[in-house]
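Subject: Structure handover

Hi there,

Here is the structure I promised to pass on to you. Please open it next to this email, so that you can follow along in your viewer.

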Number of protein chains: 2
Amino acid sequence: MIDVSKDHAIGIDIGGTNTKYGIVNHRGQIIFEGSMKTDIHENVADFIDALYNTLKPEIDKFKDINIVGIGVGAPNGNFYTGNIEYAPNLKWVGVVPLAKLISEKFGIPAKLTNDANAAAIGEMMYGAARGMKDFIMITLGTGVGSGIVANGELILGHDGFAGELGHTIVVPGGRKHTKTGALGSLEAYASATGVTITAKEYLTGTDEASVLRETPLEELDSKLVFDAAIAGDILSKRVFATTGDILGMALANFVMFSSPQAIILFGGLTKAGDILMKPIKESMERNLLPIFRDKVQLIFSELKESDSAILGASALVWDR
Amino acid sequence: MIDVSKDHAIGIDIGGTNTKYGIVNHRGQIIFEGSMKTDIHENVADFIDALYNTLKPEIDKFKDINIVGIGVGAPNGNFYTGNIEYAPNLKWVGVVPLAKLISEKFGIPAKLTNDANAAAIGEMMYGAARGMKDFIMITLGTGVGSGIVANGELILGHDGFAGELGHTIVVPGGRKHTKTGALGSLEAYASATGVTITAKEYLTGTDEASVLRETPLEELDSKLVFDAAIAGDILSKRVFATTGDILGMALANFVMFSSPQAIILFGGLTKAGDILMKPIKESMERNLLPIFRDKVQLIFSELKESDSAILGASALVWDR
């Protein structure tokens, strides 16, 4: 028998601004974690040098552990190729062979996937989706990301890019997505950015009273809209009702695709709690075929947001 | 070594009006086929008696074969439970334990799935999806059905009901689906029924000249609209352009879910050929994120429609 208690994985979560990393044991306990800047490194070689110089000394402090592998979650990270491909919010342009670069630098096998897929794996191994074989993870932050698990496996698609549910069209001919140019995609409505735009539309399109009018339009953000909604501001509550209505319809469509046991919501916007969850749930159930109604658990992630990205990435090492 | 050449499967496709059956060898060759009425049997026990009395003598004529199992495709057929559950177009109400009843009557193991899933398996084993691990099968007939394969496996979902893409909402608040009451679901537009409704809307909503006006509205069907479009009727061509536009957008959303290598279209409406395929393809590509563009094969099924249902059902016996 191999003594697995010595086996550990490194989880790295690369975001546009910050990169978080941790050393994780087989039970999902983070025995060390840290972070560094991503966007100060204009090219990826510099970034990997900096990562190595920061992380390697920390690894060496643990004498008794065996690092089995490195798992990385990153925007547009492709599990099949190990490449980050055309990530709009990273400075490294084009196709970056990230898994290969990290593996060579550290001398340890490395795996890569996109950040939302990593979160889904983390949720399946350590979070709200433990024991589930069919679920969908939706991350509601600045954008809308997704990771889909069916038959106990991540849906990666033929090219590794499956699970871009934030870019599905939910309102044909609707609001223009500033980055993609798409009209009416989910992310244009159900992200923190989308919530802010909806609030601005309501403020400029009507004369309705709102505490949000005390803030200059250009300083408005989803946190302010949420605070106002909690305080009872009618216009702000309607912003979340509309957001939940559109998101709930999109979730109904996802359910009719893969019939998951649960949809797990994750990310900054979920802090809105019931103000968002209630309209989502109502709209989802209303838009489902009867055969799917009252069957799908709609839940918030159980993982600490700061940990889940690292856990999810590290779980890539144990997965498959 | 087992001599697999003697092993055969029975494939049964239960439709609202007719039931087709066949004896199929391991290479997908149908060595015998026949059909019987479904809807003259008010209860399922009578139906199974009739099926047995028709099919058993035919099986017995083949002295040298070994029937390994029976595969059945049926509306709302559930692979996990073996039950047909609340199928709107069958006379047998509620939950019907079909796989169990057939298995007991014939003394042979029986498996059940829904008709679109059976078609997808047939396509994977004998048709256009041979060798593919990620594809989506869309059946365009009276309704819109779907079977989804990812990671080489059917997506069944936690309850066996995954893949109801015809019921996803594509036009929020749009056309009412007569059977489900849903507003703006794909099936309300992209089925033969939907094509007919669109034509009627164009005819009653405008004074535009059209050869369709020679036919009383209540006698109009998708075949007539197709014939008129082929003959150059502008209004009829626009009906297919609109249908393709909506279907293409829906397909783009499905691609961004599971990133399939191919989408295989199947069923009566595909006889429209390029008149339908061209707008579908244009709309799908336009609505996709750039990362997915020009990657997905959009193809018609290679299987003879009359055979594919039997082949797909029989393939259940070899699958898994």
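Below are my notes, arranged by region. One thing to keep in mind from the start is that this is a predicted model.

**Chain A: the hairpin and a residue that touches its turn**

A good place to begin is strand 2 (residues 18–25) of chain A, which runs antiparallel to strand 3 (residues 30–37) of chain A, with 7 bridges joining them. If you want a pair to click on, take A:T19, whose bridge partner in strand 3 of chain A is A:M36. The two strands form a hairpin with 4 residues between them, and A:G28 in the turn has a positive phi of about 80°.

A:G28 comes up again when you look at A:M125, a residue of helix 3 (residues 115–126) of chain A. Leaving aside residues up to four places away in sequence, A:M125 touches A:G28 and A:A315. A:M125 and A:R27 are 98 residues apart in sequence, yet their C-alpha atoms are 8.9 Å apart in space. Is A:M125 buried, exposed or partly exposed? There are 19 other C-beta atoms within 10 Å of A:M125, so it counts as partly exposed; the buried class begins at 20.

**Chain A: strand 11 and its two partners**

Next, please look at strand 11 (residues 262–266) of chain A. This strand is mostly covered, with 4 of its 5 residues buried. Strand 8 (residues 135–140) of chain A runs parallel to strand 11 of chain A and is joined to it by 5 bridges; in that pairing, A:I138 stands opposite A:L265. Strand 11 of chain A also pairs with strand 12 (residues 297–300) of chain A, again in the parallel sense, over 4 bridges. There, A:A262 stands opposite A:Q297. Add helix 8 (residues 274–287) of chain A to strands 11 and 12 of chain A, and you have a right-handed β-α-β unit.

**Chain A: helix 6 against helix 7**

Helix 6 (residues 222–230) of chain A packs on helix 7 (residues 234–258) of chain A at an angle of about 115°, with the axes 7 Å apart. The two helices are therefore roughly perpendicular to each other, and helix 6 of chain A passes helix 7 of chain A in a left-handed crossing. On the helix 6 side the contact is made by A:V225, A:A228 and A:A229, which meet A:S236, A:K237, A:V239 and A:F240 in helix 7 of chain A.

**Chain B: a five-stranded sheet**

Over in chain B, there is an open sheet of 5 strands in the order 3-2-1-4-7, with mixed pairing. Strand 3 (30–37) and strand 7 (110–114) of chain B are the edge strands, each pairing on one side only. From one strand to the next, the twist averages 20°. Within this sheet, strand 1 (residues 7–14) and strand 2 (residues 18–25) of chain B run antiparallel and are joined by 7 bridges, with B:I10 opposite B:I23. Helix 1 (residues 44–61) of chain B packs on the sheet, where it touches strand 2, strand 3 and strand 4 (66–74) of chain B. The direction of helix 1 makes about 160° with that of strand 3 of chain B.

**Chain B: helix 5 against helix 7**

The axes of helix 5 (residues 192–205) and helix 7 (residues 234–258) of chain B come within 9 Å and cross at roughly 130°. That angle makes helix 5 of chain B oblique to helix 7 of chain B, and their crossing is right-handed. Among the residues that meet here are B:T198 and B:Y202 in helix 5 of chain B, and B:V239 and B:T242 in helix 7 of chain B.

**Chain B: helix 8 and a contact with chain A**

Strand 11 (residues 262–266) and strand 12 (residues 297–300) of chain B run parallel, joined by 4 bridges, and B:A262 stands opposite B:Q297. With helix 8 (residues 274–287) of chain B, they make a right-handed β-α-β unit.

Helix 8 of chain B contains B:N287, which counts as buried because it has 26 C-beta neighbours inside 10 Å. Which residues does B:N287 touch, not counting those up to four places away in sequence? They are A:I169, B:G248, B:M249 and B:A252. B:N287 and B:L251 are 36 residues apart in sequence and 9.0 Å apart from C-alpha to C-alpha.

Happy exploring, and best wishes!

Notes:
Residues numbered from 1 in each chain as written. Chains lettered and ligands numbered in written order. Predicted model: local features only at pLDDT ≥ 70, side-chain atom pairs only at ≥ 80, totals over all residues. Buried ≥ 20, exposed ≤ 12 C-beta atoms within 10 Å, placed from the backbone. Pairing = 2+ DSSP bridges. Right-handed = clockwise from strand over helix to strand, strands pointing away. Axes fitted to C-alpha atoms, helices over the stretch in contact; angles between N-to-C directions. Parallel < 35°, antiparallel > 145°, perpendicular 65-115°, else oblique. Left-handed = near helix turned anticlockwise from the far one by under 90°. Contact = placed C-beta atoms within 7 Å.
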